[in-house]
Amino acid sequence: MINAPQQQIPGVYHRRVGDIVVTAISDGFLDGTLEVLRNISQDEARQIVTDCFRPARRTAVNAFLIHSAGRLALIETGSGNYLQPTAGKVLTNIKAAGVAPTDIEAVLLTHMHPDHSAGLTDMATGKPNYPNAELVMHQREPEHWLDDARMVKGSDREKKMYFQAGREQVAPYKDRWRLFKEGEVFPGITAIPRPGHTPGHTTFMISSGKEQLLIWGDTVHVPEVQTARPEVCMDFDTDQDMAAASRRKVFDMAATDRLLVTGMHLHFPGFAHLVRNGTGYRLIPAAWEQAL
Ligand SMILES: [Zn+2]
């Protein structure tokens, strides 16, 4: 009797951008409801995901290793042991990619939300998962999430999941923070802030020679819906109007400049191009590539 497989293949995919190697690392996925969408009816949203053969709001969660100039950075850390058992696989997949977490010298965050920053720290022991890394993020992220006056105004869920948990996740790195406003934050990585989803939400442009890749963070959470309807926001956007305006800027730049893009919530490995389509846009997945 031969047993059927029970483990998915390791979620690791390499993509070269000039002299830089970007490795998409899957954290797994999170299932949720379409009720958190704004500026669209439930029926319309359900029709779009059904037409695209998606289970209702299945959110892929990705992180990215960046090998650049002989140095190693990690963009995002996934959800660690904080959210659902279908996610939290970044550490396992980094090791599957042949990388020791101790070799990572910088962890860059697009923003402090649990599917991005919970993997920084073992929430059970309080120990950092990347003991040799500095933590690099936009200055408005800790300014916002560590501000007691703002926390008081949040819902119970926001207080617990974003403010309180966020503080615990970044605590072990507090003497190794490097906060930025914009510009180059690691060799070949330029921070382009696109606030709204959170106050310091940031996209990262990876550039080497003539090649570029835009890692657009949480520009979309439900790619099929929000590329077709860029005005659609999420209940958990800090500022929905600003998030929608930022999304339009990112989409316009990606489509006009024919940029290769990827993101934290595009279906793994997430590399794609964005094209205009009627009043919205459409993602075209990139072809399979060699690592070298
Ligand atoms: Zn997210």
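Contact here means heavy atoms within 4.5 Å. With that in hand, we can tour this predicted model.

**Helix α6**

Start with helix α6, residues 156-170. Its 15 residues should span 21 Å at 1.5 Å a residue. The end C-alpha atoms are 20 Å apart, which agrees. Which residues of α6 are buried? They are M161, Y162, F163, A165, G166, R167, Q169 and V170. An α-helix has 3.6 residues a turn, so residues three or four places apart point the same way. The buried residues of α6 pack against three helices and two strands, namely α3 (114-117), α4 (140-145), α5 (148-153), β7 (134-138) and β8 (177-180).

**The zinc site**

Helix α3 also matters for the next stop, since D115 lies in it. D115 is one of the protein donors of the zinc ion. The others are H116, D218 and H265. The donors lie 2.1 to 2.2 Å from the ion. Along the chain they follow the spacing D-H-x101-D-x46-H. H265 sits in the loop between β14 (260-262) and β15 (272-277), so D115 and H265 tie together parts that are 150 residues apart in sequence.

What is the arrangement of the four donor atoms? Their angles run from 86 to 176 degrees, which makes it irregular. A tetrahedral site would need all angles between 85 and 135 degrees.

**Three buried residues**

Two of the zinc donors and one strand residue, S208, can be set side by side. Each counts as buried because its relative accessible area is under 20%.

| Residue | Relative accessible area |
|---|---|
| D115 | 12% |
| H265 | 1% |
| S208 | 12% |

**S208 and the first hairpin**

S208 belongs to strand β11, residues 202-208. Its side chain reaches the backbone nitrogen of D19 at 2.7 Å. Leaving aside neighbours within four places in sequence, S208 is in contact with V17, G18, D19 and I20.

Those contacts lead to the hairpin of β1 and β2, which has two residues between the strands. G18 takes a positive phi near 60 degrees there. Strand β1 (residues 12-17) and strand β2 (residues 20-31) pair in the antiparallel sense over six bridges. Within this pairing, Y13 stands opposite A24 in β2.

Which residues form the covered face of β1? Y13, R15 and V17 do, while V12, H14 and R16 make up the uncovered face. In a regular strand, side chains alternate between the two faces of the sheet.

How values were computed. Residues are numbered from 1 along each chain as its sequence is written. This is a predicted model: local features need pLDDT of at least 70, side-chain atom pairs count only at pLDDT 80 or more; totals for chains, interfaces and linings use all residues. Side-chain values use heavy atoms; hydrogens and water are left out. Helices (H or I, at least four residues) and strands (E, at least two) are DSSP runs, numbered from the N terminus. The expected span of a helix is 1.5 Å times one less than its number of residues. Buried means under 20% relative accessible area, exposed over 50%, partly exposed in between (1.4 Å probe, protein chains only). A polar contact is a pair of N or O atoms within 3.5 Å; within protein, one must be able to donate a hydrogen and the other to accept it, and residues adjacent in sequence count only if both atoms are side-chain atoms. Donors are N, O and S atoms within 2.8 Å of the metal (3.2 Å for Na, K and Ca); water is not among the atoms, so sites may look incomplete. Four donors count as tetrahedral if all angles lie between 85 and 135 degrees; four count as square planar and six as octahedral if opposite donors are over 155 degrees apart and all others between 65 and 115; anything else is irregular. Two strands pair if DSSP finds at least two bridges between them.
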